[in-house]
Amino acid sequence: MQKINIIDAARHVEEEVEIGAWLTNKRSSGKIAFLQLRDGSAFFQGVVVKAKVGEEVFELAKELKQEAAIKVVGIIHEDKRSHFGYEIEVTKIIEIGSSDEYPITPKEHGTDFLMDHRHLYLRHQKPFAIMKIRNELIRATYEFFNKEGFTKLDAPILTGSAPEGTTELFETDYFGQSAYLSQTGQLYAEAGAMAYGKVFTFGPTFRAEKSKTRRHLTEFWMIEPEMAWTTQEESLVIQEKYIAFLVQNVIDHNAYELKLLDRDIDILRKYTQLPFPRLSYDDAVTLLKDNGFDVEWGVDFGSPEETFLANHFEKPVFIINFPKAIKAFYMKRHPSRDDVVVSADLLAPEGYGEIIGGSERDTDYEYLKERIEEQGLSLAEYQWYLDLRQYGSVPHSGFGLGLERAVTWITGTEHIREAIPFPRTLNRLRP
RNA sequence: UGCUCAGUGGCACAAUGGUACUGCGUCCGACUGUUAAUCGGAAGUGUGUAGGUUCGAUUCCUACCUGAGCAGCCA
């Protein structure tokens, strides 16, 4: 007899199979019981008919508790009365691991309770669907960048200095000296681009900002591609192609999960249609003013502004060439203007905010040295970075995508803490 | 950090200045197609912490703790 996963049930119709599963819920009447099963691949139900299995098996079925681990033997049937379209007519049940007083009941629970039980909550349908889609985004990311000729180059997580200076960092002890958890791999990616042409980093990132919003985590995963011999315009084309590729792969591979989440595929399809609109920062300010926003040229946009801009276009939109004063020191000066840099943020629709930040990097040694000093950063700490401009400096561009922001947006989830297995936020370090 | 809101049995909620409703879960029973199944019965603990007002506080007041939402910061 064959052991199968639930997701493959369609290929085993009318066959007798064995499935290792957990019981998510159970309903029973006097002569028939429905066991709601999950095995990590999908969810479906087992039907236990007393007249067919006999007293003993039927009684066992009725005694099983929520989250009991069982081996189920039975015959797969196609059946429209099952949400999954298929179900298993159970002939035999073996209880492998019992369960008692499982805390997450079939009724609704509060966020705090569910996050306290995150280690168990991961078993349930919504986290299941989101984590499967997260996995697809990770898989598709590797596929995309490998296909495009990138080399994955890992940036260090422990660093000796603050790459962007301004942001708060987690500090830790490194054999008697201060070390910081990485808040970006960007500068290291630039070193990689000068070595291997096109590289991407993909790893955890830490921000000790006391942010308390649905878009922030203190620990999150970031994908940071960096490309030598590449202008910002060329980088934008890669960025939109990458985003469209991610969305398309989720549509192609996660129809089941999107259905569990009740996510509208037609909306997602719009996000695969290129190009994405590009709006200059100048024009964005004008557009916002025309729509009643109280903004002045030179300020960074807040969440309400970002939401308005992205919803205005119903697609992800690039906001290009931000004021120099509000952006990082390494961004390239605009060729004909002194007040803006060659940069772009990609704003996701539906209020999900900035999912990509990127720019062309300045290539000039003296200019970068000045800007590092201007921002009060330690020249000694950045000497290695300046070396990249001393030895064969070339035009190059890069960007960073926040994985959890992308997951939250594509899955249509309310809060970013749902987009990572064990979220770290201002008020949560456990489990 | 600021503003706003909230803290009641394992969970989710209700309530009046007079020691607390209901549902889920649990236990017992019924039911041949359920979809957070339904129906009948039972057990269980007690209003975040510390003060104050009051004959009496879950309710009113003060402080604190914890959490949530929003804002700032950013991905």
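A salt bridge here is a side-chain nitrogen of Lys or Arg within 4 Å of a carboxyl oxygen of Asp or Glu. Arg-123 and Glu-67 meet that rule, because their closest N and O atoms are 2.8 Å apart. The model is predicted, and this pair is a good place to enter it.

Start with Glu-67. This residue sits in the loop between helix H1 (50–63) and strand S5 (69–78). Its backbone stands out: phi is positive, about 75°, although Glu-67 is not a glycine. Its side chain pairs with that of Arg-123. Side chains of opposite charge can pair when their charged atoms come close.

Now place the pair in the wider chain. The domain assignment of chain A gives domain 1 as 2–97 and domain 2 as 118–419. Across the interface of these two domains the rule finds 1 salt bridge. Polar contacts add to the picture, with 3 residue pairs across the interface of domain 1 and domain 2. On the side of domain 1 that touches domain 2, the residues divide into 5 nonpolar, 4 polar and 2 charged.

How much area do domain 1 and domain 2 bury between them? The value is about 700 Å², with 54% of it on carbon and sulfur atoms. Three residues dominate the domain 1 side: Arg-38, Gly-40 and Phe-43 supply 57% of the area that domain 1 buries against domain 2, more than any other three residues. In terms of contacts, 11 residues of domain 1 touch 8 residues of domain 2. The centres of the two domains, taken over C-alpha atoms, are 45 Å apart.

Turn next to the RNA. Which residues come closest to RNA strand B? They are Arg-27, Arg-81, Pro-106, Arg-207 and Arg-214, out of 50 residues that surround the strand. By class, the surface near RNA strand B holds 21 charged, 19 polar and 10 nonpolar residues.

Several elements build this surface. Strand S2 (16–28), strand S3 (32–38), strand S12 (219–228), helix H10 (303–313) and strand S16 (353–361) each supply at least two of its residues. S16 gives the largest share, 4 residues.

The protein meets both backbone and bases. Of the atoms of RNA strand B within 4 Å of the protein, 50% belong to sugar or phosphate, and the rest belong to bases. Individual contacts show each kind of partner. A polar side-chain atom of His-109 lies 2.4 Å from a sugar or linking oxygen of RNA strand B. His-216 also uses a polar side-chain atom, but its partner is a base nitrogen, at 2.9 Å. Lys-212 reaches a base oxygen through a backbone N or O atom, again at 2.9 Å.

Return to charge pairing, now over the whole structure. A search finds 28 salt bridges. One of them joins the side chains of Arg-428 and Asp-112, 2.9 Å from N to O. This pair links distant parts of the chain, 316 residues apart. Arg-428 is in the segment after helix H13 (403–411), while Asp-112 is in helix H2 (residues 111–116).

The segment after H13 has another feature. Pro-431 lies there, and a cis peptide bond joins Arg-430 to Pro-431, with omega about 0°. Where else does a cis bond appear, and which residue follows Leu-274 in it? Leu-274 and Pro-275 are joined by a cis peptide bond, also with omega about 0°. Pro-275 is found in the loop between helix H8 (265–270) and strand S13 (278–280).

Note on methods. Residues are numbered from 1 along each chain as its sequence is written. Chains are lettered from A and ligands numbered from 1 in the order in which they are written. This is a predicted model: local features need pLDDT of at least 70, side-chain atom pairs count only at pLDDT 80 or more; totals for chains, interfaces and linings use all residues. Side-chain values use heavy atoms; hydrogens and water are left out. Domain bounds come from an automatic or database domain assignment. Contact means heavy atoms within 4.5 Å. Buried area is the accessible area (1.4 Å probe) that two parts lose on being put together, summed over both. A polar contact is a pair of N or O atoms within 3.5 Å; within protein, one must be able to donate a hydrogen and the other to accept it, and residues adjacent in sequence count only if both atoms are side-chain atoms. Ala, Val, Leu, Ile, Met, Phe, Trp, Tyr, Cys and Pro count as nonpolar, Asp, Glu, Lys and Arg as charged, and the others, Gly among them, as polar. A residue is near a molecule or strand if one of its heavy atoms lies within 4 Å of it.
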